[in-house]
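Grab your viewer and work through the exercises below. Each one sets a task and then walks through a solution.

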Amino acid sequence: MADLPKLDPVFHQIVRTRLVILLSAKPHSFSGLKSELDITDGNLDAHLRKLSSTGYLHSRMVLEGRPHTIYELSDSGKEAFHHYIAALGVLVAQAQSSLE
């Protein structure tokens with residue numbers, strides 16, 4: 001069997017995977033992410049801090065109407081997530097071929 005690709009541990013956590021899938025589609029507010037993911041404020045905040053600490057996340061304050069923060073993937077976050085998805089694809093292909 002070929003060498004298994006390494007998965008980025010920042011993305012390889014179910015809540016963060018779901019979070020990054022949402023952010024890869026479009027920027028979101030904290031409340032929008034919380035609602036979509038159905039998680040607590042503290043849980044979401046911890047995952048956002050983890051992504052931010054790696055440089056994978058940008059945030060900006062929007063002052064229109066009620067002030068709120070918008071989160072989006074950075075260019076490095078988009079690139080790293082692309083590599084993560086590609087590595088998952090390799091793993092799935094290897095698993096499928098080993099089952100045949």
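**Exercise 1. Work out how helix 1 sits against helix 3, and which residues make the contact.**

Start with the axes: those of helix 1 and helix 3 (residues 41-53) come within 10 Å and cross at roughly 75 degrees. Bear in mind that this is a predicted model.

Next, classify the angle. Values from 65 to 115 degrees count as roughly perpendicular, so helix 1 is roughly perpendicular to helix 3.

Now list the side of helix 1: Val15, Arg16, Leu19 and Val20. Helix 3 answers with Leu44, His47, Leu48, Lys50 and Leu51.

Finally, sort the contact by class: six nonpolar, one polar and two charged residues.

**Exercise 2. Do the job again for helix 2 and helix 3, and add the handedness of the crossing.**

Axes first: helix 2 (residues 30-37) and helix 3 pack at about 110 degrees, with 10 Å between their axes. That angle makes helix 2 roughly perpendicular to helix 3.

For handedness, helix 2 passes helix 3 in a right-handed crossing.

Then the residues: helix 2 brings Phe30, Leu33, Lys34 and Leu37, and these meet Asp41, Leu44, Asp45 and Leu48 of helix 3. By class, that contact comes to five nonpolar, no polar and three charged residues.

One last step: compare the residue lists. Leu44 and Leu48 of helix 3 are in the contact with helix 1, and Leu44 and Leu48 are also in the contact with helix 2.

**Exercise 3. Look at the loop between helix 2 and helix 3 and describe Asp38.**

Place the residue: Asp38 belongs to the loop between helix 2 and helix 3.

Check the backbone: phi of Asp38 is near 55 degrees, a positive value in a residue that isn't glycine.

Check the surface: anything over 50% relative accessible area is exposed, so Asp38, at 69%, counts as exposed.

Then take a distance: Asp38 and Val15 are 23 residues apart along the chain, and their C-alpha atoms are separated by 10.0 Å.

**Exercise 4. Find the aromatic pairs around Tyr84 and say which class each belongs to.**

A search of the whole structure turns up four aromatic pairs. In one of them, Phe11 and Tyr84 sit 5.6 Å apart centre to centre, with 50 degrees between the planes, which makes the pair tilted.

Where do the two partners lie? Phe11 is in the segment before helix 1 (14-25) and Tyr84 is in helix 4 (residues 75-99), so the pair ties together parts that are 73 residues apart in sequence. Phe11 and Tyr84 are both buried.

Now take Phe81 and Tyr84. Planes under 30 degrees apart count as stacked; here the ring centres are 6.0 Å apart and the planes are at 20 degrees, so this pair is stacked. Phe81 and Tyr84 are three residues apart in helix 4, which means they are separated by about one helical turn. Phe81 is buried too, as is Tyr84.

To finish, put the rings together: ring pairs link Phe11, Tyr56, Phe81 and Tyr84 into a cluster.

**Exercise 5. Describe the surroundings of Thr69.**

Thr69 is in strand 3 (residues 68-73). With a relative accessible area of 22%, Thr69 is partly exposed.

For neighbours, leave out residues up to four places away in sequence; Thr69 then touches His28, Ser29, Phe30, Ser59, Arg60 and Met61. Phe30 is also one of the helix 2 residues that meet helix 3.

As a contrast, try a C-alpha distance: Thr69 and His83 are 14 residues apart along the chain, and their C-alpha atoms are separated by 27 Å.

**Exercise 6. Step back and sum up the whole chain.**

Count the elements: the chain has four helices and three strands. Read along the sequence, they follow the pattern α-β-α-α-β-β-α.

Get the dimensions: along the principal axes, the C-alpha atoms fill a box of roughly 55 × 25 × 20 Å.

Check burial: buried residues make up 32% of the 100 residues.

Last, the contacts: of those with a separation of 6 or more, 54% are between residues 24 or more positions apart.

Notes: Residues are numbered from 1 along each chain as its sequence is written. This is a predicted model: local features need pLDDT of at least 70, side-chain atom pairs count only at pLDDT 80 or more; totals for chains, interfaces and linings use all residues. Side-chain values use heavy atoms; hydrogens and water are left out. Rings of Phe, Tyr and Trp (its six-membered ring) pair if their centres lie within 6.5 Å; planes under 30 degrees apart count as stacked, over 60 as edge-to-face and the rest as tilted. Buried means under 20% relative accessible area, exposed over 50%, partly exposed in between (1.4 Å probe, protein chains only). Axes are lines fitted to C-alpha atoms, for helices over the stretch in contact, and angles run from 0 to 180 degrees between N-to-C directions. Angles under 35 degrees count as roughly parallel, over 145 as roughly antiparallel, 65 to 115 as roughly perpendicular and the rest as oblique. Contact means heavy atoms within 4.5 Å. Ala, Val, Leu, Ile, Met, Phe, Trp, Tyr, Cys and Pro count as nonpolar, Asp, Glu, Lys and Arg as charged, and the others, Gly among them, as polar. A crossing is left-handed if the near helix is turned anticlockwise from the far one by less than a right angle, and right-handed if clockwise.
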